[in-house]
Amino acid sequence: NRSHTQFVPKDTATANADGQVVFKKSTDLPGGLYVILFPGNSRLIEFVYSGEEKQFSLATDTLDLIHHMKISGSKENQLFYEYQQELRKLEKQLAAQKQANSTDTKATALQEQYLSYRKKFFLDNKSTFTAKLLKMVSDPEIPAPPKDSKDSLWSYHYYKAHYWDAFDFADPRILKTPFFDKKVEQYFTTVVQQVPDSLIKEADFVIKKSAANPDAKSAVVYQIANLYENPKIVGAESVWVHIAEKYYLSGEMGIADESKARVGAKVNTLKKLLVGKVMPALPLSDPTGKNFSVNAIPADYTVLFFYSPTCGHCKEAAPQLKEFYEKHKTERIKVIAVATERNVEEWKKFISSQHLEAIMHGSDATNTIDFNRGFDVVSTPMIYILDKNKKIIARKMPVNQLDDFLNFYKKRLQAQK
């Protein structure tokens with residue numbers, strides 16, 4: 001069977017001289033959506049297994065697997081392929097109309113014809129697993145907004161409110177389909193507002209909906225945690241921290257002791273480094289041996305560039321950091337390059353070879369800072385951006401996005417005034 005990103009093999013077989021392949025097992029398979037994968041992994045046949053139709057056959061022609069599909073002994077798959085064939089038929093008609101430059105009226109009529117077919121299909125076959133699957137993967141139909149509505153986002157709010165209507169978390173068969181993970185991922189990446197507070201609220205909402213099925217709940221919790229452990233959205237690490245604390249560290253979800261210890265250690269590190277938190281004290285020494293504290297440096301914005309002098313990626317990023325500094329050196333933006341390795345010779349060599357003498361530099365001369373646990377510097381380069389109060393406003397920001405982010409942030413502050 002399959003998820004939306006990978007196949008999980010359950011059985012193998014070899015075709016006979018007539019092209020026939022037989023799969024037979026003494027133990028039952030869990031219900032779900034399965035595939036027969038051809039040699040070379042280039043083509044496949046999908047089939048529905050509800051858990052009830054124990055013996056059935058599929059026959060087709062490799063010239064067009066869907067069009068020529070013939071089913072015996074399985075109403076579920078008969079419906080599955082009839083639906084696909086009807087959808088294909090409509091797509092071909094729409095393409096032909098487009099090529100012939102037909103009117104929008106004809107295209108609308110075809111779309112209404114399909115919607116009518118779809119509605120009847122789901123109504124007539126509502127007791128089948130196939131109808132449940134196909135309805136589950138479909139987006140909710142959005143009606144026209146009420147005439148007296150003043151909500152410009154009415155359609156979006158309706159879509160979001162009805163996104164999960166046809167999704168039965170309690171049915172264990174949905175975990176054996178490519179639709180489960182994809183539906184969850186789509187909700188969090190394209191439907192929910194991409195701000196941490198909204199993401200956290202919706203995470204709890206979806207997890208609660210999945211609670212009727214422990215395996216589904218476990219899969220949802222894992223997927224959301226995976227999405228936000230290393231997020232692309234500024235500040236979304238707080239979603240991972242929330243999931244880790246509420247569901248894993250609390251004991252609500254089962255987790256191995258070793259993994260729990262790892263999660264706990266990371267939560268302890270991240271909680272003080274989330275967007276909105278004041279940057280922890282960072283005492284450093286410059287190349288002359290003079291001590292200074294990052295939190296005491298006056299600036300409207302502070303860019304902390306954590307790097308290793310021997311790191312290849314850091315050397316690639318250095319010219320971009322220099323360019324950013326040169327562009328903003330007359331502004332109240334302070335750039336501080338923080339070396340995470342204690343080799344003074346390599347440190348000074350990096351500064352000189354990368355022509356970064358004008359930038360403020362610091363290192364841990366006392367060899368007491370754990371940059372990994374203390375500042376989540378797992379890999380380098382690593383960037384933090386702080387506001388005038390030394391609150392973190394961004395972290396893990398690529399050097400080439402510094403300008404765009406600060407411009408966006410300043411405009412947002414201005415709009416809030």
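A residue counts as buried when its relative accessible area is under 20%, and as exposed when that value is over 50%. By this measure Tyr384 is buried, because its relative accessible area is 0%. The structure described here is a predicted model. This briefing covers its aromatic pairs, its pocket and cavity, a buried lysine, and some backbone features.

**Aromatic pairs**

- The whole structure contains 28 aromatic pairs.
- In one pair, the rings of Tyr83 and Phe121 have centres 5.0 Å apart and planes at 55 degrees, so the arrangement is tilted.
- Because Tyr83 belongs to helix H1 and Phe121 to helix H2, this pair ties together parts that are 38 residues apart in sequence.
- Tyr83 counts as buried because its relative accessibility is 6%, and Phe121 is likewise buried, with a relative accessible area of 5%.
- In another pair, Phe306 and Tyr384 have ring centres 5.9 Å apart and planes at 75 degrees, so the pair is edge-to-face.
- That pair links distant parts of the chain, with Phe306 in strand E7 (residues 301-307) and Tyr384 in strand E10, 78 residues apart.
- Phe306 has a relative accessibility of 0% and therefore counts as buried.
- One aromatic cluster is formed by Tyr159, Tyr163, Trp164, Phe167, Phe169, Phe180, Tyr187 and Phe188.

**Largest pocket**

- The largest pocket holds about 1,500 Å³ of space.
- Its lining comprises 38 residues, of which Val21, Val22, Phe23, Ile36 and Phe47 are the closest to the centre.
- Strands E1 (32-37), E2 (44-49) and E3 (57-59) each supply at least two residues of this lining.
- The largest share of the pocket lining, 4 residues, comes from E1.
- By class, the pocket lining consists of 21 nonpolar, 9 polar and 8 charged residues.

**Largest cavity**

- A search of the whole structure yields 1 cavity of 30 Å³ or more.
- The volume of the largest cavity is about 50 Å³.
- The residues that line the largest cavity are Glu86, Leu90, Gln93, Gln113, Tyr114 and Tyr117.
- Helix H1 (75-99) and helix H2 (104-124) each contribute at least two residues to the cavity lining.
- The cavity lining divides into 3 nonpolar, 2 polar and 1 charged residues.

**Lys217 and its surroundings**

- Lys217 is located in helix H7 (residues 214-229).
- With a relative accessibility of 15%, Lys217 falls under the 20% cut-off and therefore counts as buried.
- The side chains of Lys217 and Glu252 are joined by a polar contact of 2.6 Å.
- Apart from neighbours within four places in sequence, Lys217 is in contact with Ile207, Ser210, Ala211, Glu252 and Met253.

**Backbone features in loops**

- Thr380 and Pro381 are joined by a cis peptide bond, with omega about 0 degrees.
- Pro381 is placed in the loop between helix H12 (371-375) and strand E10 (382-386).
- Asn367, a residue other than glycine, has a positive phi near 60 degrees, and Asn367 lies in the loop between strand E9 (360-363) and H12.
- Asn367 counts as exposed because its relative accessibility is 52%.
- Lys390, also a residue other than glycine, has a positive phi near 65 degrees, and Lys390 occupies the loop between E10 and strand E11 (392-395).
- Lys390 is buried, because its relative accessible area is 4%.

Note on methods: Residues are numbered from 1 along each chain as its sequence is written. This is a predicted model: local features need pLDDT of at least 70, side-chain atom pairs count only at pLDDT 80 or more; totals for chains, interfaces and linings use all residues. Side-chain values use heavy atoms; hydrogens and water are left out. Buried means under 20% relative accessible area, exposed over 50%, partly exposed in between (1.4 Å probe, protein chains only). A polar contact is a pair of N or O atoms within 3.5 Å; within protein, one must be able to donate a hydrogen and the other to accept it, and residues adjacent in sequence count only if both atoms are side-chain atoms. Contact means heavy atoms within 4.5 Å. On a 1 Å grid over the protein atoms alone, a cavity is a set of points where a 1.4 Å probe fits but cannot get out, and a pocket is an open set with protein on both sides within 12 Å along at least five of seven lines; lining residues have an atom within 4 Å of a point. Grid points are joined across faces, edges and corners, and a volume is the space filled by probe spheres set on the points. Ala, Val, Leu, Ile, Met, Phe, Trp, Tyr, Cys and Pro count as nonpolar, Asp, Glu, Lys and Arg as charged, and the others, Gly among them, as polar. Rings of Phe, Tyr and Trp (its six-membered ring) pair if their centres lie within 6.5 Å; planes under 30 degrees apart count as stacked, over 60 as edge-to-face and the rest as tilted.
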